[in-house]
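Here's a quick tour of how some helices pack in this model, and of the spaces left between them. Keep the structure open beside you as you read.

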Amino acid sequence: MVTAAPPLSVPRPRAEAVRHLGPNWYATVMGTAIVATAGVALPVRVPGLRPLCAAFWALSLALLAVLLIARALHWRHHRDQARAHLLDPATAPFYGCLAMALLAVGGGALTVGRDWIGVGAAVALDAVLFTVGTAVAVTAAVVVPYLMAVHHRVAASQATPVWLLPLVAPMVSAALGPLLVPYLPAGQPRQTLLLACFALFGLSLLATFVMLPLVFGRLVTRGPLPLALTPTLFLVLGPLGQSTTAAGKFAEVAPGVLPGPDGRDAGALGGLGGLAVLYGVPVMGFALLWLCLAAAHVARARRQGMGFAMTWWAFTFPVGTCVTGAAALARHTGLVVFDVLACALYLVLVAAWGVVAAHTARGLLSGALLAAPRPAPSGPRRATGRTTSGAVR
């Protein structure tokens, strides 16, 4: 009697390649898209810059498509790993990056992508990505803190700027939502979207005010972050620059959309321009202070041997939000100093993107970035005189 041979187990190299692909990879989309949107927001016109920005936006769109497919494969074939990511306090906050990647590419479609795909297609693409991205952003802002409280059981000594990621995502919606307002029917549709952006602004800002003291307190009482996490200090710039950008957008869109107390055009809301300046200037001042502090920590970490990690993408998107924030202040104040600040920060952004993108491409080609995480050393780490964070990775 002949028995049938057992079915062969066919290897799935493509599925295995994405087993350790985490949500942090969406930072590559964010960092690429912000090079495009920040470039077209600059208060100066550089010949050839806009077509180059359009190319960066197209690259971000392609990266988003590839990552969405890869992450879908990850969830289909490696659900155990995907669930582990959600239950890992070091990884779960990166789900905010998914929302911000969708929003960044959608906003870029209207600001510069329309040069290539046309206004109609840009509006449609942004409408879809903004709607989905905002839904993911609000969900992440609720679910991730819930998981941290109920399942992760983290301690204050483990606080890192990564905790801000799901809370910043609604602020990205608030800053990019006004781009769609002029394309909606006049009246309540425009008013509803703009006021929803106001609500998202408040949601994110107040949540950041709650979380940021934990991060700063951990930094000054427990010492520097682990070397691989040091670049995440730049993430604090995200809510600062993005909220300044959002305040400027509100002032530019509100006239003609929101009625004043007398029922006529904008009315008292015409003062939003002044509010954007009164809010944006102090916040940008704090952003520059934090930029210097974060840069000093990174310089120290490099001297101590900090190597490349995906956390280096924190050098891109947060800095880009400060570019758009400074550009908004330049429009509302007319001061040359903000023109210079926006251009200087943009040069930093482009240089950072070049370095990080090159390291990422090299890590992908070698396979190191998609390999399984190396186990932590069993022996104690050399003491530095101060306690370091217990955060993973």
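## α8 against α9

α8 and α9 cross in a left-handed way. Keep in mind that this is a predicted model. α8 covers residues 188–222 and α9 covers residues 237–253. Their axes sit 11 Å apart, and the packing angle is about 155°. An angle over 145° counts as roughly antiparallel, so that's the label for α8 and α9.

Who actually touches whom? On the α8 side you'll find Leu194, Cys197, Phe198, Phe201 and Thr208. Facing them from α9 are Pro239, Ser243, Ala246, Ala247, Phe250 and Val253. Sort the residues of this α8–α9 contact by class and you get nine nonpolar and two polar, with no charged ones.

## α7 against α9

α9 also packs against α7, and here the angle is about 25°, with the axes 8 Å apart. That makes the two helices, α7 and α9, roughly parallel. The crossing of α7 with α9 is left-handed.

From α7, the contact uses Val168, Met171, Val172, Ala174 and Ala175. α9 answers with Gly238, Pro239, Gln242, Ser243, Thr245, Ala246, Lys249 and Phe250. By class, the α7–α9 contact comes out as eight nonpolar, four polar and one charged. If some of those α9 names ring a bell, Pro239, Ser243, Ala246 and Phe250 are among the α9 residues that meet α8, and they're also among those that meet α7.

## α3 against α5

Next up is α3, which runs over residues 49–77. Its axis and that of α5 come within 9 Å, crossing at roughly 145°. The crossing of α3 and α5 is left-handed. Class by class, the contact between α3 and α5 has 19 nonpolar, four polar and four charged residues.

## The second largest pocket

How much space lies in the second largest pocket? About 600 Å³. Its lining takes in 31 residues, and the ones nearest the centre are Val40, Ala41, Thr111, Leu179 and Lys249. Lys249 is worth a second look in the viewer, since you've already met this residue on the α9 side of the contact with α7.

Several helices give two or more residues to the lining of this pocket: α2 (26–41), α5 (95–117), α7 (165–176), α9 and α11 (317–333). Which of them gives the most? That's α5, with six residues. The lining of the second largest pocket is a mix of classes, with 18 nonpolar, seven polar and six charged residues.

## The enclosed cavity

Now for the space that's closed off. The count is one cavity of 30 Å³ or more. The largest cavity has a volume of about 40 Å³. Its lining is made up of Leu237, Met284, Ala287, Leu288, Leu291, Val319, Cys322 and Leu345.

α10 (272–303) and α11 each supply at least two of the residues lining the largest cavity. α10 gives the most, with four residues. What classes do the lining residues of the largest cavity fall into? Eight are nonpolar, with no polar and no charged residues. α11 turns up in both places: it supplies residues to the lining of the largest cavity and to that of the second largest pocket.

Methods: Residues numbered from 1 in each chain as written. Predicted model: local features only at pLDDT ≥ 70, side-chain atom pairs only at ≥ 80, totals over all residues. Heavy atoms only, no water. Axes fitted to C-alpha atoms, helices over the stretch in contact; angles between N-to-C directions. Parallel < 35°, antiparallel > 145°, perpendicular 65-115°, else oblique. Left-handed = near helix turned anticlockwise from the far one by under 90°. Contact = heavy atoms within 4.5 Å. Nonpolar A, V, L, I, M, F, W, Y, C, P; charged D, E, K, R; others polar. 1 Å grid on protein atoms, 1.4 Å probe; cavity = no way out; pocket = protein on both sides within 12 Å on 5 of 7 lines; lining within 4 Å. Points joined across faces, edges and corners; volume = space filled by probe spheres on them.
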